[in-house]
Amino acid sequence: MTFSERKCPICRKPRVAEHAPFCSKRCRDRDLLQWLDDGYALPGQPHDPEDFAGAPQNNPQDD
Ligand SMILES: [Zn+2]
C-alpha cells in the first residue's frame, strides 16, 4: 500500500501533515461520517435497540 498521492482523498486538495492524510479536520470528519454512513454502528451500541428488547439484562456490562 503506497501513499504516493499527496492529496486529500475527500476534496483532492493538497494534504496537511497535521491532518494527514486529509487536508483539514473538516475532511477528516467527513471521512469518518462516510464510514458511519456505510453501515458501521457505534461500538457497544445496538443498531436497533428493539432487537435487544427481549434479551436478559442481568449482565449489562459483562466484559
Ligand atoms: Zn480535503
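Start by selecting R12, which sits in the segment before α1. You are looking at a predicted model, so read each stop as a description of that model. Color R12 by backbone torsion: its phi is near 70°, a positive value in a residue other than glycine. That deserves a second glance, because most residues other than glycine have a negative phi. The side chain is easy to find from outside, since R12 is partly exposed, with a relative accessible area of 48%.

**Next stop: the peptide bond before P21**

Stay in the segment before α1, where P21 is also found. Select A20 together with P21 and check omega: the peptide bond from A20 to P21 is cis, with omega near 5°. If you are used to scanning backbones, this one stands apart because most peptide bonds are trans.

**The zinc ion**

Now select the zinc ion and ask which protein atoms are its donors. They are the SG atoms of C8, C11, C23 and C27, lying 2.3 Å from the ion. Turn on angle labels and you will find 100 to 118° among the four donor atoms, which makes the site tetrahedral. Along the chain, the donors follow the spacing C-x2-C-x11-C-x3-C. Pick out C11 and C27 as a pair: C11 lies in the segment before α1 (25-37) and C27 in helix α1, so the two tie together parts that are 16 residues apart in sequence.

The record has something to add here. In an unreviewed entry, UniProt lists C8, C11, C23 and C27 under "binding site". These residues are spread over 20 residues of sequence, yet they cluster in space, with a largest C-alpha distance of 8.2 Å.

**Buried or exposed?**

Keep the cysteines selected and switch on the surface. Is C8 buried or exposed? C8, found in the segment before α1, is buried, with a relative accessible area of 0%. C27 is buried too, at 6%. For C11 the value is 30%, so this donor counts as partly exposed, given that buried means under 20%.

**Last stop: a patch on the surface**

Finally, select L32, L33, W35 and L36 and show them as a surface. What do they form? Together they make a nonpolar patch on the surface, with about 410 Å² of accessible area. Zoom in on L33, one of the patch residues. This leucine is found in helix α1, and with a relative accessible area of 52%, L33 is exposed. Helix α1 is also where you met C27, one of the zinc donors.

How values were computed. Residues numbered from 1 in each chain as written. Predicted model: local features only at pLDDT ≥ 70, side-chain atom pairs only at ≥ 80, totals over all residues. Heavy atoms only, no water. Donors = N, O, S within 2.8 Å, 3.2 Å for Na, K, Ca; no water. Tetrahedral: all angles 85-135°; square planar, octahedral: opposite > 155°, others 65-115°. Helix = DSSP H or I, 4+ residues; strand = E, 2+ residues; numbered from the N terminus. Buried < 20%, exposed > 50% of the residue type's maximum accessible area, 1.4 Å probe, protein only. Patch = residues over 30% accessible without salt bridge, like charges linked within 9 Å, V, L, I, M, F, W, Y side chains within 5 Å. Areas by Shrake-Rupley, 256 points an atom, 1.4 Å probe, with all protein chains shown as cover. Salt bridge = Lys/Arg side-chain N within 4 Å of Asp/Glu carboxyl O. UniProt positions renumbered as here; feature names shortened; annotations may be inferred.
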